[in-house]
Every structure is written in structure tokens, then in C-alpha cells.
Amino acid sequence: MDKYNTRQTLIAKIREQHNDQSWEEFTDLYKAYIYSVLIRMGVQESDRDDLVQKSLIEIWKSLPRFEYVPGQGKFRNWIYTVTKNQCLGHFRTHKRYQNKIQKASEQGALETDSNQGSEDIEDVEWKKHIFTLAWERIEPELSDSYKQVFMLFSQGKNVTEISSELDLQKNSVHVYRQRVLKRLNREIRFLDDELA
Amino acid sequence: MIDFDESFKKMAFEQAFTDKSDELLEKISDAKHRYKDGEEIGSGGMKKIVSSFDSFTDRELARAYPLSDETKVDNFISEVRISAKLEHPNIIPLYDIGVEEGQIFFTMKKLSGHNLYELIKKSNRTLSLNDKLEIFLKVCDALSFAHSKNILHLDIKPSNIQVDDFGQVLVCDWGLARDLSDNDTISEDLSTQEMSPKVLNLSYNNKIKGTPGYMAPEQISRRFGSRSQGTDVFSLGALLYFLLTEKEPFSGSNVDILLKQTINGDFIAPIKRATKSHISSALNAVVMKAMRNKRSERYASVKKLSDDIRSYLQGFATSAEEAGFLKEVKLLIIRNKVPFVLSISALIITMLLTTFFIHKLQDEKQIAQAAQAHAEAMALKSLESENVALSAQRETEASRLKALELIEDLQTEKQFSSELKIKAADELMTKAFINFRKNKNYLNATATVRMVLQLNPSHQEALYHAALMEMGAFQMHNTLAYLKQYKGSNDVKWIRDNCLKFVDASGRLKKYTWKETLALTQELLYSGYDPDKTYVAWHINSSIAQKFSIETSIKYARESMSKRNQGQSFKLDAAKLEDDTYKVSLAGSSCAPYEEIRHWPISDLNMSWTNFRNLSILWGSPLKKLNISFTPVNHLNEIWDLNIEELNIRGTKIGNYEAVYKYPLRKLIINEFCSSLHRLNDIKTLKELSLPRGVYSQDKISKLNKNIKITYYNHGS
């Protein structure tokens with residue numbers, strides 16, 4: 001429980017150290033998020049790794065200058081801004097910008113360039129990213145039945161269906177699901193607080 | 001890694017933030033140590049109490065643990081169960097019960113302030129009688145409530161009553177409490193009782209539950225019956241005893257003696273025990289009744305006990321002045337005509353009368369005390385006045401006791417009959433009217449007799465006296481009206497005959513002269529002695545100044561007073577001063593009572609060498625200079641509130657100087673009985689002082705303010 005009580009967040013620690021070890025930690029935590037943002041921006045698969053790397057470096061370089069106020073600063077907003085700018089620069093320099101716009105309007109993948117749309121990407125992708133991180137972190141603690149129950153639950157199945165499918169008492173299904181949710185929720189809240 | 005649905009991920013993330021209560025619950029269930037114990041607050045026979053901090057609710061509270069052995073754990077649990085039933089502002093609130101590391105505990109409000117024992121015995125704060133009774137009433141309320149839930153406290157004592165700094169009163173320690181509706185505790189109760197040793201040989205052991213000195217006889221021995229509400233009534237009586245006297249009711253030096261005293265009802269009445277303050281016999285009677293040995297003789301309920309205290313408080317609060325109380329009673333009677341209410345008003349009357357007598361008694365006590373202080377100098381004379389004071393004290397004591405009996409009678413009276421009214425009327429007649437009449441308080445005497453007639457319109461004695469009072473007030477037509485209803489055996493012919501002289505054929509009052517008035521009073525005074533005739537004559541004389549001008553009144557007074565002068569010669573000098581007040585001298589004329597000068601605007605009065613005694617005739621006068629040297633006046637209590645600037649009390653027996661210190665005096669001639677000469681320095685206006693030679697020590701005289709001019713007169717000349 002102590003980690004909740006320390007006032008210094010993970011991101012603050014990374015920023016303070018700013019060495020090879022913290023670089024690794026940093027990339028682990030944010031790489032997936034940047035990646036998913038790039039996908040939503042419509043960056044082609046061949047260019048993604050390159051762009052992720054560039055964005056990470058850009059963020060890493062300016063990290064010490066980033067004005068971080070605990071509980072107030074939205075670090076993730078900044079990450080998103082940097083990533084988006086990288087993305088727009090990439091589109092311009094590769095002269096595929098016009099193409100991109102055309103393609104996007106045809107597919108409807110990228111609604112518009114309006115703030116409304118981009119904010120949505122930022123938000124939705126962040127939520128999914130944190131969930132995934134959280135799950136990765138708690139998964140090793142969970143037994144198979146817990147994982148199975150939770151997986152079926154995530155697929156929208158109800159307690160009765162899960163109990164017959166896994167041959168478990170309804171009560172157990174309920175308890176397992178609640179326990180996983182509880183643990184997961186705690187982790188999500190923790191990560192969001194630490195990394196955002 | 002499970003391949004979660006994209007929308008599920010987002011939803012799950014959002015879910016994590018909507019369920020905050022979950023987080024708090026988690027925190028609470030995770031915390032192993034909710035309470036952090038601090039220092040020990042106290043420890044009794046049953047349990048230990050420590051100060052504790054509740055990290056969940058973030059507050060200080062008190063945590064109680066049972067002392068280890070098992071029977072105590074049972075008691076402990078029973079206390080919790082009982083306390084939990086009692087939610088009342090004057091009962092300590094129980095918060096929670098729990099087990100921690102195998103140890104059972106409960107938590108409750110942490111007490112601030114002091115318990116009653118500390119408050120009275122140890123703190124510097126002195127509680128007024130009113131404060132004490134307020135606290136007591138709150139304890140009574142708490143117990144009334146508990147009794148309504150069939151729960152007895154059984155351990156009421158000063159140290160179990162907590163009074164915090166804001167006056168909140170809490171009844172604590174329900175460790176011995178019994179729930180009468182719970183069969184388990186009753187049977188347990190009985191078994192412990194049976195196991196207890198024969199108390200007569202008084203081998204006390206701890207099977208007797210309670211606090212010796214506050215516990216009732218039935219808590220010691222079964223032969224006094226089983227425990228009941230009356231048991232708490234007894235302890236409340238003992239608590240009231242402690243509050244009033246600031247002493248424990250039983251004075252035994254060890255437990256055996258205390259128990260023996262309790263069984264034998266061997267304690268001194270609070271009224272005889274208190275040294276610091278006077279205890280009214282009404283409150284004394286309450287304590288005595290609550291602490292009766294036989295349960296059946298005590299108050300039947302705590303409510304009855306607190307009702308008695310409440311009526312006492314009510315009476316006390318409204319008896320600040322005489323006129324006020326008469327008015328109050330009058331209003332009550334007019335407002336409510338139901339006999340029940342009449343019985344209450346009669347009760348209040350008697351209560352108020354009681355306090356009135358107490359005031360009177362205190363006056364007399366002061367006189368007696370002053371007389372005592374000068375016993376050496378005035379051995380014979382002071383003894384005489386002391387005897388007077390003492391017999392008066394006995395007299396008032398007796399009438400107070402009678403009043404108390406009446407209260408009791410009225411309380412137990414079950415029939416709401418006219419008998420009550422009649423009884424109240426009789427009581428007013430004998431207790432109030434007679435006194436007012438004797439003191440020549442015509443106004444209150446008249447008001448009282450009218451009240452009596454409202455209670456009982458055919459009260460013969462009252463009709464007769466009402467006729468006399470109206471005649472004295474020169475309301476002859478009223479007198480005649482009362483006489484028509486009067487069928488008693490008193491001679492009324494003289495009343496009727498004299499009144500008829502002053503009314504016309506239609507029964508209206510005719511014009512009359514001062515000579516006719518004088519003729520009437522002379523007739524009343526000198527046609528054979530009759531106390532009633534004399535009384536009417538004094539009454540008429542007393543209001544001369546209200547019927548005629550002062551100049552006429554002077555003529556009347558000269559004629560009237562000279563007739564009864566016993567002095568060497570009669571002389572009445574009266575001169576009008578610039579401010580329309582009068583300078584009057586009756587020096588050397590002994591013709592008491594001096595009713596004729598009542599209500600005169602006298603600012604300067606010389607009554608030296610007269611038999612003047614009744615200062616009440618000076619009530620409300622603009623008196624500035626008063627010479628009462630060589631008169632039988634022996635106290636100034638009745639004219640305490642006049643603004644006298646020059647006073648001569650040489651040759652009097654006045655020993656109580658309290659009034660003297662209060663006057664804005666410029667000039668003062670004192671007698672030989674001033675016990676604290678230095679207090680004359682408090683009279684800032686004092687310029688001239690005359691003392692008897694050789695009575696006061698030079699040492700004392702030298703301590704007087706230097707700006708007071710001191711002269712001497714020869715003592716005994």
C-alpha cells in the first residue's frame with residue numbers, strides 16, 4: 001500500500017533519473033500508447049516503428065524541461081501533442097499528405113482534423129493503454145480459473161453462462177469476477193494517477 | 001495475454017473510477033488497527049478504560065476492556081447490551097463493540113470535564129444551588145428514561161455523573177445495570193443475592209454489588225425486598241444529599257460500618273449537616289423521602305422525585321418579591337378554574353410562603369448573629385433580643401413544616417373536590433393574611449383576603465376581614481356588601497353602624513371632613529378596647545395623607561397622636577421645605593404607632609426619644625435625614641433601600657450595619673455596636689462621624705479615612 005502514499009509518481013522518478021535504466025522503463029510504459037495513437041492517425045505500418053522511436057526520443061529529450069505539477073499536469077496530454085506533431089510532420093515530408101486526407105475521408109477512419117476527433121483518439125487510446133498495462137501487471141498474480149472467468153465476463157457473458165461453461169458454482173464465479181475487478185480497478189487507478 | 005475486446009478495455013478503465021466506495025471499503029477492511037490506544041483514563045472494579053484514536057472516523061474516543069476474569073466479561077457484555085438500548089442526551093453514548101487480538105472491547109464517547117465528585121470536592125468552581133439542581137434534574141431525566149426501558153442503573157453516585165465544560169451532564173458506568181425485561185440477568189441477580197452472606201453479621205464480600213454509601217438497603221440485604229426503580233430513587237436521594245451538603249450521606253469509616261448505617265437508615269438529615277449554606281426544609285424533605293429505608297415509603301418513581309424538585313425551583317424563581325407572588329397566584333387562579341389547577345396553585349402558594357418565611361428567618365438570623373457579636377457589651381439586652389429572634393425562628397420553622405405537610409397532602413389528594421379549594425383558602429388565610437395583617441401591610445392583606453374569597457366565596461372569616469379591610473380603606477359600601485354575606489358570630493354591629501354614617505341613602509360614599517374621620521377613629525380606639533376596631537383605626541390613620549392635604553393631615557395627626565402620647569409632652573413640628581418635602585419632628589413624643597405620618601413626603605425626620613419602632617411607615621418616602629436616637633429600633637432592614645444622607649442611631653440597639661454601609665451618608669452618629677468600623681470607609685460620601693467615647697479602640701479609629709471628621713460623644717449620658 002505504500003506506493004499509494006509516496007508523493008513522487010513514476011513519471012517524476014523517471015524524469016529525475018533520466019539515464020539508460022529509466023529510458024527503458026519509460027519506453028516500456030509509453031511505447032504501446034504512442035503506437036496505438038499512430039494507428040488511429042492512419043500511419044502506415046511500415047512507418048510506425050520509426051515514428052514511435054522519433055516521438056519517444058523527442059519526449060525524452062524535452063522531459064527535463066517539462067513543467068510537472070503533481071496531480072495537475074497531464075503528462076499524457078503532452079505525449080499526445082508530441083506524437084501528433086511527429087505524425088503531421090511525417091505526413092507532410094512524405095508528400096502523402098493529400099493522399100492521406102483523401103484516403104481518410106473515404107474510409108472515415110479519421111473523422112476530421114477537428115479537436116473533437118483528436119481528443120477522442122487521445123482519450124480512448126489512453127484508457128485502453130492503461131487497461132492493458134494494468135492487466136499485464138496483475139495477470140501473473142491470477143490463477144487460471146480467475147483469468148478464465150474474467151475473460152468470459154469481458155466477452156459479455158453473465159454469471160449463469162460462465163458457471164455452466166467452466167463448471168463452477170455461481171457463487172464462485174461471482175466472487176472471482178469481483179476479486180479480479182477489484183484488483184484491476186485498483187491497478188488502473190494507480191497507473192492512471194502515476195502516468196497521466 | 002487475453003485478447004480483450006477494445007470497448008471492454010475502455011469500459012473497464014472507466015469502471016475503475018466510478019466505484020470509489022469500493023476503494024474506501026477496501027481501505028477500511030485492510031486496516032488492521034483501526035484504534036490506537038493512548039493512556040489509561042480509569043479503571044474500576046469491572047473494566048479498564050483507555051483513551052483511544054479511531055483512524056476511520058478520525059476522532060478521539062474511550063475504549064473499555066473487561067478486567068480479565070470471566071464473570072467480569074459477562075458483566076461487561078451485559079453493560080454493552082444495556083447501554084446500547086439507552087439513547088438519551090444524558091446517558092453516555094456507546095459507539096461500537098468489537099474483538100481485537102482476542103480481546104473484547106467497546107468504544108464510547110470520550111468524556112471531558114469532571115465528574116460530580118471532583119467538581120464539588122476538588123475543583124475551585126462553586127456551584128450555585130440552582131446549578132446543582134439543574135444537574136440533578138438531568139440525572140433524573142436519564143434515569144426516568146432508563147426505567148421506561150425497564151433498566152435500573154444500580155450504581156448512581158457522584159463519580160458516575162460527568163459534567164463537561166459546556167454543562168452537558170452524562171450518566172456513566174452502566175456496569176451494574178440490570179435489564180428487568182431480561183430473564184437471564186434477573187436470575188443471575190437472584191443467585192448472587194442468595195449467595196451473599198447474611199448481612200447482619202456484616203461479613204462483607206464482593207458479591208454485594210453497588211457502592212457502599214450510595215447503595216440502597218435492598219442492595220445489601222434481601223429482607224428489604226428486591227431491586228426496583230426505588231433502588232435508584234434511594235441512590236438519587238443520596239446524590240441530592242451530597243449535592244446539597246457537599247458531604248457523603250453516610251459517614252462510616254469502613255465498608256462494614258457504611259453497610260450497617262445504610263441498613264439502619266442511620267444518617268444525619270441534610271438540613272443539620274450543611275455548614276456552608278442553609279438548606280431549605282423543602283429540599284431536606286425531598287432527600288428524606290427519597291432515602292427512606294422502606295421502598296414503599298420512597299417516591300414511587302424518579303419522575304415524582306424530579307417533579308418535586310421542579311416545583312421547588314419554580315416557586316423559588318418567582319418568589320423574588322412579595323407583591324410579585326401574590327399577583328402570580330392571582331393570575332393563575334383567574335386563568336384556570338379547573339380544580340386540578342387550583343390544587344397546583346395552592347401548592348405554589350405554600351411553596352412561595354415557605355420561601356417567604358425563609359427570607360424572614362434569614363433576617364432574624366442576621367439580627368441574632370449581630371446580637372451575639374455584642375453579647376459581652378450588652379449581655380442582658382442582647383440576650384433578650386436573641387431570645388426574641390430565636391422564638392420567632394421556632395415559630396417560622398413550625399409554620400414552614402406545616403406548609404410542607406400541606407404540600408404533601410395536596411400531592412396525595414386524589415379527589416379533585418372543592419375541598420381542595422377550601423383547604424387552600426384556609427391555608428392562605430392562616431399563613432399569609434395573618435402575617436400581612438400583623439405587619440400592617442394593608443395592601444397585601446387586602447389582596448390576600450380577596451384571593452381567599454375567590455377560592456371560597458363563603459369563607460366566613462375572610463368575609464369578616466374583607467369588611468374590615470374595606471372599612472379601613474374607607475370603602476364603606478364594599479364593607480356593607482361583605483357584611484350582607486357574613487353569617488358568622490363576630491360582632492358586626494359597630495361596623496355597620498359606623499359605615500352607615502358615611503354613606504347616603506343610595507349606598508354611595510358621602511363627602512366627609514377630617515374631623516368626621518378623626519371622630520370615627522377616636523370612636524374606634526376609645527370605645528372599649530377591641531383589636532379589630534383598633535386595627536381599622538390604624539388602617540384609616542395610615543391613609544390620611546392620601547385623603548387630605550398634608551396641612552390637613554398635620555392637623556389630624558396632632559389631634560390624633562396627642563391623645564395617646566405617653567411621653568412627657570407632645571410636640572409635632574412639621575415644616576414645608578423648598579422642594580415641597582417636609583421636615584417633621586416628633587422628638588420626645590411617645591405615641592406609637594405613628595401610622596398618621598405614613599405616606600407623608602418627609603425628607604427630614606426626628607423621632608429621637610420616642611417609642612417609634614415600625615420603620616415600614618417610611619416605605620417609599622423621600623427621606624434624607626433620619627434621627628432615631630434613643631428609640632427601640634433594633635434593625636434597619638425594612639428601610640434598606642432609602643437614600644439616607646444623615647443618620648443618627650445613637651442609643652439604639654442596632655447591631656447590623658449592613659444597611660448603614662449602603663446608604664449614601666454624609667453625616668453619621670453611631671451607637672456602640674458597630675462590629676467592623678473599617679467598613680465605614682466604604683461610604684465614599686461620608687464626611688462627619690460621631691462615635692461614643694472610649695468604646696472603639698484608637699487602633700480601629702486610626703484606620704478610618706482621613707477625610708472623615710471624627711467627633712465623640714459621652715457614652716452613657
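In what order do the 5 strands of the open sheet in chain B run? Going across, they read E1-E2-E3-E5-E4, with antiparallel pairing. Keep in mind while you look around that this is a predicted model. At the edges of the sheet stand strand E1 (35–43) and strand E4 (94–100) of chain B; each has a single partner strand, so one side of each is left without a neighbour in the sheet. From one strand to the next, the twist averages 30°.

For one pairing inside that sheet, take strand E3 (residues 59–66) of chain B and strand E5 (residues 103–108) of chain B. These two pair in the antiparallel sense over 3 bridges. If you want a landmark, find Arg63(B): its bridge partner in E5(B) is Thr107(B).

Now zoom out to the whole of chain B. Its secondary structure comes to 25 helices and 18 strands. The chain has 717 residues, and 37% of them are buried. As for how the chain folds back on itself, take the contacts between residues at least 6 apart in sequence: 49% of those join residues at least 24 apart.

Next, a helix pair. Helix H7 (residues 229–245) of chain B packs against helix H10 (residues 281–290) of chain B at an angle of about 145°, and their axes are 8 Å apart. The crossing is left-handed. Which residues of H7(B) and H10(B) meet? On the H7(B) side they are Val233(B), Phe234(B), Leu236(B), Gly237(B), Leu240(B), Tyr241(B) and Leu244(B), and on the H10(B) side Leu283(B), Val286(B), Val287(B) and Ala290(B). Sorted by class, that contact has 10 nonpolar residues, 1 polar residue and no charged ones.

Further along the chain, strand E12 (residues 582–585) of chain B is worth a slower look. In a regular strand, side chains alternate between the two faces of the sheet. Here Tyr582(B) and Val584(B) point to one face and are buried, while Lys583(B) and Ser585(B) point to the other and are not buried.

E12(B) has pairings of both senses. With strand E11 (residues 573–576) of chain B, the pairing is antiparallel over 4 bridges; with strand E13 (residues 602–606) of chain B, it is parallel, also over 4 bridges. Lys583(B) is a handy place to see both: Ala575(B) stands opposite Lys583(B), and in E13(B) the bridge partner of Lys583(B) is Asp604(B). The hairpin of E11(B) and E12(B) has 5 residues between the strands, and in that hairpin Asp580(B) takes a positive phi near 70°.

Two single residues show how chain B brings together positions that are apart in sequence. Asn439(B) sits in the loop between helix H15 (418–438) and helix H16 (442–455) of chain B. Is Asn439(B) buried or partly exposed? It has 14 other C-beta atoms within 10 Å, so it counts as partly exposed; burial would take 20 or more. Asn439(B) and Asn614(B) are 175 residues apart in sequence, yet C-alpha to C-alpha they are 8.8 Å apart in space.

The other residue is Lys700(B), found in helix H25 (residues 698–702) of chain B. With 13 other C-beta atoms within 10 Å, Lys700(B) is partly exposed as well. Leaving aside residues up to four places away in sequence, Lys700(B) touches Leu677(B) and His678(B). Its C-alpha atom is 8.8 Å from that of Ser676(B), which is 24 residues away along the chain.

What about the partner chain? The contact between the chains takes 16 residues from chain B and 16 residues from chain A. Helix H1 (residues 6–18) of chain B supplies the largest share of chain B's side, 10 residues. By class, that side of chain B has 8 nonpolar, 1 polar and 7 charged residues.

Finally, a word on confidence in chain A. Its pLDDT averages 76, and 79% of the residues score at least 70. Among the elements of chain A, helix H8 (residues 144–154) has the highest mean pLDDT, 87, and helix H1 (residues 2–5) the lowest, 38. The pLDDT is below 50 over residues 1–7 of chain A, a stretch with 1 contact in the model beyond near neighbours in sequence. It is also below 50 over residues 108–116 of chain A, where the corresponding count is 7 contacts. Where pLDDT is low, the predicted coordinates should not be read in detail.

How values were computed: Residues are numbered from 1 along each chain as its sequence is written. Chains are lettered from A and ligands numbered from 1 in the order in which they are written. This is a predicted model: local features need pLDDT of at least 70, side-chain atom pairs count only at pLDDT 80 or more; totals for chains, interfaces and linings use all residues. Two strands pair if DSSP finds at least two bridges between them. Axes are lines fitted to C-alpha atoms, for helices over the stretch in contact, and angles run from 0 to 180 degrees between N-to-C directions. Two residues are in contact if their C-beta atoms, placed from the backbone, lie within 7 Å. Ala, Val, Leu, Ile, Met, Phe, Trp, Tyr, Cys and Pro count as nonpolar, Asp, Glu, Lys and Arg as charged, and the others, Gly among them, as polar. A residue is buried if 20 or more other C-beta atoms lie within 10 Å of its own, exposed if 12 or fewer, and partly exposed in between; C-beta atoms are placed from the backbone. pLDDT is the predictor's confidence in each residue, from 0 to 100. A crossing is left-handed if the near helix is turned anticlockwise from the far one by less than a right angle, and right-handed if clockwise.
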